[in-house]
Amino acid sequence: MNAIIDRPIAQGGGSCCRHCGLACPEGADFCCSGCEAAFGTIQGLGLGTYYLQRLLDPNARAPRPEMVERADLGPFVHTRADGSCELLLTIDGVQCGACVWLIEQILGRERSVVSARVNLTSGRLALVWRGDAQEAGRLCALVEQLGYRLVPFRFAESTARSDEQGRALIRALAVAGFAAGNVMLLSIGIWVGLTEGMGPATRALLHWVSALLALPAIAYAGQPFFRSAVSALRHGRTNMDVPISLGVILVSGLSLVEAMRNGAHTYFDSAISLLFFLLIGRVLDHRARNRARATAERLLALRAVDVAVILPDGTLRRMPAETVAPGARVLVGAGERIGVDGVIRHGQTSLDTSLVTGEALPCPAGPGSLVFAGTLNMEAAITLEATATGADTLLAEMARLIDAAQAGKGRFVVLADRVARLYAPVVHLCALLTFLAWYAALGASLGEALLIACSVLIVTCPCALALAVPAAQVIASQALFTAGILLKSATALERLAMVDLVVFDKTGTLTCPELALVGAYDPQALRLAAGLAANSRHPLSRALCAAYGPVQPEGGVVEHPGQGLSLQTEAGEIRLGSRRFCLGSACADTVTDAGAELYLTRPGQSALRFCFLETLRPDAAETVARLRAMGIGVMLASGDRKAAVREMASLAGIGAWHAGLRPDAKMALIERLRGNGHCVMMVGDGLNDGPCLAAADVSMSPSCAADISQTLADLVFQGAGLGAVAVALAVARRTRRVMRQNIGLAIVYNLLAVPVAVAGLVTPWLAAAAMSGSSLLVMANSLRLRGQRS
Amino acid sequence: MNVILWLILGSLLVAGGGLAVFLWSLRNGQYEDLKGAAQRILFDEEAGR
């Protein structure tokens with residue numbers, strides 16, 4: 001088994017790493033020592049079949065082991081009744097069945113492990129072991145060294161609640177389906193019996209069996225609708241569930257009376273199959289929403305920051321940011337994201353505050369400076385004192401602005417409910433008039449008149465109408481999901497379709513989240529610099545490596561925190577780092593306006609300066625043009641300096657831009673635009689965009705955005721491109737068109753059916769056929785959304 | 001007439017059995033990981049686990 005080795009050949013002559021499949025330096029088998037160790041471990045355990053059977057997705061993150069310091073898992077370990085420990089983890093990097101097999105095999109070989117089960121659908125690992133809770137770290141390290149990432153699952157409560165809701169809906173669907181099938185079968189017998197001459201006793205028997213099946217099933221499966229209808233009525237509103245519930249209850253009650261009177265017509269089949277059709281829509285809707293939410297939570301969990309707290313005895317302990325108490329000392333290494341708001345106590349560094357303020361270039365910070373969660377520490381290790389989340393912190397201020405903004409958004413009424421507001425009174429009035437007309441004017445008996453009035457209610461039962469919107473919505477959110485766009489809010493699609501102005505944030509939204517190397521350099525010098533930089537996790541080092549491509553890290557490189565890297569060679573010392581570090585203290589440490597920089601000095605050669613600037617996302621200009629072509633205005637609103645904003649705006653082809661906006665000014669801008677009658681969509685990633693995201697009619701964030709922005713945004717998109725914005729708008733507009741067609745179809749159907757019902761010509765079989773027919777028509781129309789490409 | 005009674009009783013029992021099995025499988029978590037289940041059959045589980 002050990003001899004089985006696969007060897008993918010990379011394009012362009014270079015080879016692929018035998019573990020992670022990424023390109024690696026010429027002639028080498030592995031791209032890094034981590035991959036080599038992982039390969040050795042897997043082969044050593046005799047699990048080499050993994051490499052033969054796996055299918056690596058080139059677009060997913062490669063399984064390259066990265067040493068990430070992990071928070072203490074202790075608080076997440078759950079002790080079970082039998083004394084064993086249980087831990088639920090979100091797992092990243094699992095791509096196929098082979099990964100599942102490998103992880104379960106590796107963990108299963110540990111003697112203490114009772115069970116290890118990967119759920120490929122939700123991307124979670126459930127681990128149960130006997131013994132000490134502290135063993136969690138060791139077990140997780142086994143999996144992490146193979147290139148997977150594990151983080152404790154933080155949303156257990158909300159997920160369990162949502163899963164339980166989903167299961168309850170499916171149970172209701174199963175019961176409704178069971179009853180609908182059987183009642184329909186009996187009904188066919190009754191309908192045929194009407195023409196073939198069935199005895200009244202047989203008919204009564206069939207009616208009673210139908211009633212016994214249908215009534216309990218309706219009581220059980222109708223609950224989701226009844227509850228929603230009651231809560232709407234209690235708040236003095238009506239929604240689609242009110243006419244549905246009323247119709248179902250009236251029809252069941254009347255059919256029961258008919259069965260008691262041994263009448264000819266009962267409508268149990270119509271009532272229960274109505275619920276069955278509607279529940280199909282509810283279940284699909286719940287699943288689509290649940291999947292988008294779970295993916296969004298997963299992205300957040302994987303980015304969650306651990307904080308290194310310095311305990312009073314001087315030892316370090318990593319813990320989740322939300323558990324850090326105010327006043328605690330927190331150590332933040334170079335290249336780490338700061339997890340808490342605080343004041344710098346020791347250390348001098350520069351901070352990338354782009355997520356917080358929108359400022360693209362790093363700014364210097366020293367003892368006494370206030371720092372905010374979400375800021376990236378660029379240069380040197382610093383010690384913070386965590387501050388209370390009191391009224392004076394930035395986050396609290398944001399939260400206040402956001403609350404104010406959201407209060408204005410809750411008034412949006414979805415299309416279906418707007419239709420329901422008109423629909424319910426008209427239908428009920430129509431049924432009442434029919435009853436009065438037959439009973440008082442035409443001299444029908446009370447029972448006959450009631451029956452005819454009820455048949456009006458049945459044929460107008462808003463089955464097609466209630467399916468019209470969700471069916472289109474489910475299929476659209478599925479289409480968005482495959483395009484990497486997560487639809488988080490139920491009403492976002494409808495709001496999205498109305499947008500006529502898109503406001504972009506600049507830093508991290510219109511531009512790439514990372515700085516990029518700009519300019520042309522001597523390839524040899526670049527190779528040397530990248531070789532040095534490969535030893536460091538500093539953001540600029542990473543940008544340098546990314547610009548060069550795969551590189552063999554130079555050995556013997558020493559990192560000087562906050563300054564740079566050095567390498568002793570026979571010819572002398574090579575240095576890569578800040579201006580002061582490379583050129584000596586003689587050089588003035590001026591802050592340049594042009595961007596971030598790195599210097600390379602080599603013995604006997606003049607110093608070389610590498611420049612890093614923010615760059616537009618690759619398809620930014622194209623997206624702006626596409627939006628224009630759709631008749632949507634585009635605007636840029638940034639907290640950054642005027643010059644930088646103007647340049648990016650002109651590169652992206654945006655005419656209208658605002659620079660130097662503080663969060664409240666940005667929000668005021670959005671409010672003003674809305675006040676002028678625009679329907680505004682905000683696309684932003686930063687903490688400073690939070691209030692705007694909440695204030696805009698609809699909002700969107702990239703998946704690299706600050707946590708709070710992602711939580712607030714109606715949509716989250718993945719990937720490097722901005723194209724998702726145009727795709728989302730296009731899908732939303734198509735969906736709105738299909739929704740309107742669906743509603744139109746449902747209304748036309750009612751216009752045809754109501755006169756027939758009022759005339760008293762509708763029999764149960766006609767009602768059942770018409771209702772199913774209109775539902776299927778609406779579903780089929782919605783399915784058209786699937787085939788179309790944007 | 002008796003024939004119909006038996007027929008109805010029989011069909012309800014069969015269909016009710018199907019419903020019960022479905023509800024059991026739902027509670028038992030058979031639908032939790034459909035993607036994983038499709039992949040798992042491709043790999044050997046080691047004996048003794």
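Here is a short tour of a predicted model, stop by stop.

**Stop 1: chain A as a whole.** Colour chain A by secondary structure and you should find 26 helices and 29 strands. Of its 790 residues, 46% count as buried. Now think about contacts between residues at least 6 apart in sequence: 68% of those in chain A join residues at least 24 apart.

**Stop 2: where chain A touches chain B.** Bring up both chains. Here 18 residues of chain A are in contact with 20 residues of chain B. On the chain A side, select helix 3 (97-108), strand 5 (113-119), helix 5 (156-196) and helix 6 (200-221), the elements that give two or more residues each. Helix 5 of chain A has the largest share, with seven residues. Colour this side of chain A by class and you get nine nonpolar, seven polar and two charged residues.

**Stop 3: strand 7 of chain A.** Select residues 149-152. A:Arg149 and A:Val151 point one way, A:Leu150 and A:Pro152 the other, and all are buried. That fits the usual picture, since side chains in a regular strand alternate between the two faces of the sheet. Add strand 4 (residues 85-92) of chain A: this strand runs antiparallel to strand 7, and four bridges join the two. To pick out one of them, show A:Thr90, whose bridge partner in strand 7 is A:Val151.

**Stop 4: a six-stranded sheet.** Next, pull up the open sheet of chain A with the order 19-24-23-22-21-20, paired antiparallel. Strand 19 (516-518) and strand 20 (557-560) stand at the edges with a single partner strand each, so one side of each has no neighbour in the sheet. From one strand to the next, the twist averages 25°. Zoom in on strand 20 and strand 21 (residues 564-569) of chain A, which pair over four bridges; A:His560 is partnered there with A:Gly564.

Now add the helices. Helix 17 (residues 523-533) of chain A lies across strands 20, 21, 22, 23 and 24, at about 80° to strand 22. Helix 18 (residues 539-548) of chain A also packs on the sheet, touching strands 19, 23 and 24, and its direction makes about 65° with that of strand 19.

**Stop 5: a helix pair.** Finish with helix 14 (residues 463-482) and helix 25 (residues 723-758) of chain A. Their axes come within 9 Å and cross at roughly 160°, which makes the two helices roughly antiparallel. The crossing is right-handed. Show side chains where they meet: A:Ala468, A:Ala472 and A:Ala476 are among those from helix 14, with A:Val731, A:Val738 and A:Ile743 among those from helix 25. By class, this contact has 16 nonpolar, three polar and no charged residues.

Conventions
Residues numbered from 1 in each chain as written. Chains lettered and ligands numbered in written order. Predicted model: local features only at pLDDT ≥ 70, side-chain atom pairs only at ≥ 80, totals over all residues. Contact = placed C-beta atoms within 7 Å. Nonpolar A, V, L, I, M, F, W, Y, C, P; charged D, E, K, R; others polar. Buried ≥ 20, exposed ≤ 12 C-beta atoms within 10 Å, placed from the backbone. Pairing = 2+ DSSP bridges. Axes fitted to C-alpha atoms, helices over the stretch in contact; angles between N-to-C directions. Parallel < 35°, antiparallel > 145°, perpendicular 65-115°, else oblique. Left-handed = near helix turned anticlockwise from the far one by under 90°.
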